[in-house]
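This report considers charged side-chain pairs in a protein and the surroundings of its RNA partner. Please keep the structure in view while reading.

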Amino acid sequence: MARYDPAEIEPRWQAAWEEAGCFVARSGERPKYYVLEMFPYPSGRIHMGHVRNYTMGDVVARHKLAQGFAVLHPMGWDAFGMPAENAAMEQGGHPADWTYGNIADMRAQMKPLGLSIDWSREFATCDPEYYGQQQAMFLDFLEAGLAYRKAAVVNWDPVDMTVLANEQVIDGKGWRSGAEVERRELTQWFFRISDMAEELLEALDGLEAWPEKVRLMQKNWIGRSRGLQFAFSTVGAPEGFDRLEVYTTRPDTLLGASFAAISPDHPLARRLERDDPEVAAFVAECRRTATSEEALETAEKVGMDTGIRVRHPFDESVELPVWIANFILMDYGTGAIFGCPAHDQRDLDFARKYGLGVIDVFESLSVPEPVGDTAFVPPKTEPVRYVRGFAGAEVQTGADAVEAAIEFCEARGVGQGVTRYRLRDWGVSRQRYWGCPIPVVHCPDCGVVPEKKENLPIVLPKDVSFDQPGNPLDRHPTWKHCACARCGGAALRETDTMDTFVDSSWYFARFTAPRAETPTDTAAAGYWMNVDQYIGGVEHAILHLLYSRFFARAMIATGHLPEMCREPFSALFTQGMVTHEIYLTRDDRGRPVYHLPEQVEGGRLIATGAEVETIPSAKMSKSKKNVVDPVNIVRAYGADTARWFILSDSPPERDVEWTAAGAEAAFRHLGRVWRLAAELETLPEGAEDADLRRAVHRAIRDVSEGIEGFAFNKSVAALYTLTNAVRESTAGRAARAEALRVMAQLMAPMVPHLAEEVWRLAGGDGLVVDAGWPEADPAALVEATVTLPIQINGKRRSEIEVARDADRAAIEAAAMADEQVVKALGGAAPKKLIVVPGRIVNVVV
RNA sequence: GCGGGUGUGGCGGAAUGGUAGACGCAGGGCACUCAAAAUGCUCCGCCGCAAGGCGUGGGAGUUCGACUCUCCCCACCCGCACCA
């Protein structure tokens, strides 16, 4: 007999789908469903993480399609970004050629997976048709005051030679390059996301179909805080600095203040450094390391006394010294603080180092003791006794004390309560070539002038070189020379390009009308938006999703999206990673040498027979070589096996471990399923089989529940169970064929090619992709009799068989007649008898 | 430190407060085979010859009954953090 041959089956059905146009999204009368997986960066190779991501999306898309929805399931490419430039620098060639070549390669790797993608909507963000529309929106944002320019201290990535937004600095390192970030001042373009901080925070509550974890991460990122802003009057400060504004979230500790401190970037520090070489040297030193948060974390707290004093707002006779300190951030609050060493560990460390006072403000109710080397910082919700309180009760929580202190200060004209956010405006300028050019010109007469929309797209020049560091746009001989859009005189083009997060902040909207002559087509967006199910990695929990939420609002404000798109992703699912064991040997110096899984068999290197060390599973990474290439898997077993295995075992939100044995097993199982269908024709006609019918309907219920609940592993398990039931069935050919047709429908979202083949072999009409989704018949789910466990004192001791609809009395009678129960009771009556019909009997003796 | 999450056989994992371990992997046995692969049948939480006992990170509690609910503790993972 022939064998399961995915290499023959899969291309055949892919061609059939293509010919029938099954996956072309068509708007119409039917309810719509928009499934989107986070689009990939075109690195050139797909990896197992992609396979997992797109397979999950495909299961949802195919399931909804079967249920009769008009499904939009598009794919595109997040195609701008530095790797293309790095490749150009390292290997020569042009970023565009590299990128489009990679896209072609990756598309060719993805197509054999048999995803139900509407490829007619495909685009890359580096297509001028796309980024030209992005430029048009930028101009609208600019006009609406959502984009602006400011001189700002920025994070400079010395490796990528580019600026990073604060949000993109992770542990003081560039989120992509990993290089230590330095401080530099440049004039940058920003989006006013911080104006929307409150709105973005509040709206999180409405995102009920988002993981709680992601909402919390965004909440923490936005970082709303309540505090007091007030001004110290200064003594001995330079002209124009007679007041020093500070912000504090702990105004209740004002009587514990022993010093004030300002950021090295504070205007006062900048003023002082002009005349004082010592200050200049100190702040220069701070700036060398200061923005690297990791360095700050480990670096010693250092400061310098300016000699300036400030008067305490409650007692003019008390003067506090003003220090410049390396741990004060200019970006947060006012860039100046007062130090309360007793109740802040940083302040305490600083005070101990420089011999500043430590004044207790409150103490613990249980073990009051003065502060030593550890600041007393209880949770704000915990009541404490105020020994230097000035507002509210003597014993109160920190939170209450803060509110009382704000009220007290406001009443006396000492500052005001302020709500602040950690979220800062989104810096989008990048001094790079391979990005969307910012469509403005710099005119000597008119200043910064928006480009005319009819001149869009401002296209990147093709003739550039990458043999020097810096921005190729800037040193291009002619590109930046242009006419001023206002006066027509000679002007210079902006040579900054946009952060690639801009590209990915609206692609989901563009998919609804990918060829529109405007950024969006409001009718199409109104029909398809919002994304009903968005699926991607949790690594995008903050930046990408927050920026997209901002963009949706900005696009509404500029008329590019209807009001209903305020939250563009109705439901979000964050999938776990694909992991694999790591294999290594040691070189002669004991350093690890990693080996690919395909080079190892039975704990030994295939080539040399040397034993390998095995490290437990970790995220697949090229450096550890614990990677499996999906192309090889598809070649060896077919796409359905890869899809089946990646969906089985682990719940989608958790990590899944790829194992060769698991892949083999998945392939063997699909072979068994295929054989069940292929053997049908040799089967005699015969009776129906009630057990089989029940198994089919249970499978319908369980597979549906699994898919709807994003528990594809449970759907897979239900299909295994059904396969076993079909195999064990005594039913004749017709009944088995019917069961297999339902099985094909249920399998179709996960292993669509095999499902088509089984559907055909079992005599199904047309394509299973058009066959709809089966409904479970509740009547078919129940059995005539049920087995009830009997517990004696809560421990299972026996079981009885009763009719499904047996009433309580009948069950009791049956239970009391049970041998184990009779034995346990020894003639006495039970103390208690619990009967849960259909579930359990518990006899208490 | 703060916030969140996770913890179940050798492994991945199932389980509206109601038979813990579905389903799969790995492993053992058997059949088919000259042999292997493939395939099929079968066993498989731990201790024990058995009867039975013990079992969901640990400890208490609620309940007729707890993986599930409550409290305390432990371990690991993730996120955030000189945020004033």
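## Lys-480 and its partner

Lys-480 is buried, because its relative accessible area is 18% and the cut-off for that class is under 20%. In this predicted model, the side chain of Lys-480 forms a salt bridge with that of Asp-474, with a distance of 3.4 Å from N to O. Asp-474, by contrast, is partly exposed, with a relative accessible area of 39%, so that the bridge joins a buried lysine to a partly exposed aspartate.

## A bridge between distant parts of the chain

A second salt bridge brings together the side chains of Asp-140 and Lys-453, at 2.7 Å from N to O. The two residues are 313 residues apart and the pair links distant parts of the chain, since Asp-140 belongs to helix H5 (residues 128-143) whereas Lys-453 sits in the loop between strand E21 (447-450) and helix H13 (472-475). Here the aspartate is the buried partner, Asp-140 having a relative accessible area of 13%, while Lys-453 is partly exposed at 41%.

## Neighbours in a salt bridge, and a network

Arg-701 and Asp-702 also form a salt bridge, in which the closest N and O atoms are 3.0 Å apart. Asp-702 is partly exposed, with a relative accessible area of 27%, and Arg-701 is likewise partly exposed, with 33%. Elsewhere, salt bridges with shared partners connect Glu-199, Arg-549, Arg-553, Glu-563, Arg-566 and Glu-567 into one network. The count of salt bridges comes to 33.

## The surface near RNA strand B

There are 47 residues around RNA strand B, and those that come nearest are Thr-248, Thr-249, Tyr-332, Arg-346 and Arg-422. Of the atoms of RNA strand B that come within 4 Å of the protein, sugar and phosphate account for 64%. The residues of this surface divide into 19 nonpolar, 11 polar and 17 charged, and helix H22 (residues 712-728) provides the largest share, with seven residues.

Individual contacts involve both phosphate and base atoms of the strand. An N or O atom in the side chain of Arg-654 is 3.5 Å from a phosphate oxygen of RNA strand B, and for the side chain of Asn-724 the corresponding distance to a phosphate oxygen is 3.1 Å. Gln-791, in turn, places a polar side-chain atom 3.4 Å from a base nitrogen of RNA strand B.

Technical notes
Residues are numbered from 1 along each chain as its sequence is written. Chains are lettered from A and ligands numbered from 1 in the order in which they are written. This is a predicted model: local features need pLDDT of at least 70, side-chain atom pairs count only at pLDDT 80 or more; totals for chains, interfaces and linings use all residues. Side-chain values use heavy atoms; hydrogens and water are left out. A salt bridge is a side-chain nitrogen of Lys or Arg within 4 Å of a carboxyl oxygen of Asp or Glu. Helices (H or I, at least four residues) and strands (E, at least two) are DSSP runs, numbered from the N terminus. Buried means under 20% relative accessible area, exposed over 50%, partly exposed in between (1.4 Å probe, protein chains only). A residue is near a molecule or strand if one of its heavy atoms lies within 4 Å of it. A polar contact is a pair of N or O atoms within 3.5 Å; within protein, one must be able to donate a hydrogen and the other to accept it, and residues adjacent in sequence count only if both atoms are side-chain atoms. Ala, Val, Leu, Ile, Met, Phe, Trp, Tyr, Cys and Pro count as nonpolar, Asp, Glu, Lys and Arg as charged, and the others, Gly among them, as polar.
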